Amino acid sequence: NAGTEADVYISVYGERGDTGSRQLLRSQKSKKFLKGQTDIFAVEAVHLGHLYKIVIGHNGLGSGNGWFLDKVVIKDPITHLDYTFLCHRWLDQGQDDGNIARELAVTDASTLPGRQELELKRQEIWAAEKWKFRKGNTLQFYNRLTHGFICLNPDSRVDALGDKKNKYGKVFFLWIYA
């Protein structure tokens, strides 16, 4: 469910102006914006010079309109430069932060793209998991090998003989397969 049937729009910004909002209509694929698919679009515009950001989003219409966008690459046919805009987030009212549009800055050419993508993935995972570590929550990990629990208590104590029922209330489980 990472693809979308909604209408997708993009605005490209460069040192000489912007394209305005453009709907991405004709992909080189027969069905556009499917999970795991790379879509290619031709967008006609005046030359904007060096690009620095894009705004991309969708109209939120249609069934299953939520969309997970990995990245956008714009190839400038005049300068032959590639501009990469990393996203690696949901554009979905029911996922992530609920936004269906994202403003993305161009990837800094002085950093390694792979390293930046890893950092974005790390941030995304932390954003999804940090709620478990709120004050007062107790985490319990179940080890299938020993059939025992490891309990991480709110006061930073670790209990290797963790009890499923404890005074702290909220308990989360992670099965570790060894």
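Me: Which residue stands opposite Ile 54 in β7?
Reply: Leu 104 does. This is a predicted model. The two residues belong to neighbouring strands, since β4 (residues 51-58) and β7 pair.

Me: What makes β4 and β7 a pair?
Reply: The cut-off is at least two bridges between the strands. β4 and β7 have five, in the antiparallel sense. Therefore they count as paired.

Me: Which residues of β7 are on its covered face, and which on the uncovered one?
Reply: Arg 102 and Leu 104 are on the covered face of β7 (residues 101-105). Ala 101, Glu 103 and Ala 105 are on the uncovered face. In a regular strand the side chains alternate between the two faces of the sheet.

Me: Why is the pair of Tyr 13 and Tyr 52 called tilted?
Reply: The structure holds two aromatic pairs. In this one the ring centres are 6.5 Å apart, and the limit for a pair is within 6.5 Å. The planes stand at 50°. Stacked needs under 30 degrees and edge-to-face over 60, so what remains is tilted.

Me: What does the pair of Tyr 13 and Tyr 52 tie together?
Reply: Tyr 13 lies in strand β1 (residues 8-14) and Tyr 52 in strand β4, so the pair ties together parts 39 residues apart in sequence.

Me: Why is Tyr 13 called partly exposed?
Reply: Its relative accessible area is 21%. Buried means under 20% and exposed over 50%, so a value in between is partly exposed. Tyr 52, at 43%, is also partly exposed.

Me: What makes Phe 68 and Trp 90 edge-to-face?
Reply: Their planes are 70° apart, with 5.5 Å from centre to centre. Edge-to-face needs over 60 degrees, so the label fits. Phe 68 is in strand β5 and Trp 90 in strand β6, 22 residues apart.

Me: How do you know that Lys 53 lies over the face of Tyr 13?
Reply: Lys 53 is at 4.6 Å from the ring centre. The distance limit is within 6 Å. Lys 53 is listed as lying over the face of the ring.

Me: What is notable about the phi of His 80?
Reply: His 80 has a positive phi of about 60°, yet is not a glycine. Most residues other than glycine have a negative phi. His 88 also has a positive phi, near 50°.

Me: Why is His 80 called exposed and His 88 buried?
Reply: His 80 has 67% relative accessibility. Exposed means over 50%, so His 80 qualifies. This residue is in the loop between β5 (67-75) and β6 (82-91). His 88 has 15%. Buried means under 20%, so His 88 is buried. His 88 is found in strand β6.

Key
Residues numbered from 1 in each chain as written. Predicted model: local features only at pLDDT ≥ 70, side-chain atom pairs only at ≥ 80, totals over all residues. Heavy atoms only, no water. Buried < 20%, exposed > 50% of the residue type's maximum accessible area, 1.4 Å probe, protein only. Helix = DSSP H or I, 4+ residues; strand = E, 2+ residues; numbered from the N terminus. Phe/Tyr/Trp six-rings, centres within 6.5 Å; stacked < 30°, edge-to-face > 60°. Lys NZ or Arg CZ within 6 Å of the ring centre and 35° of its normal.
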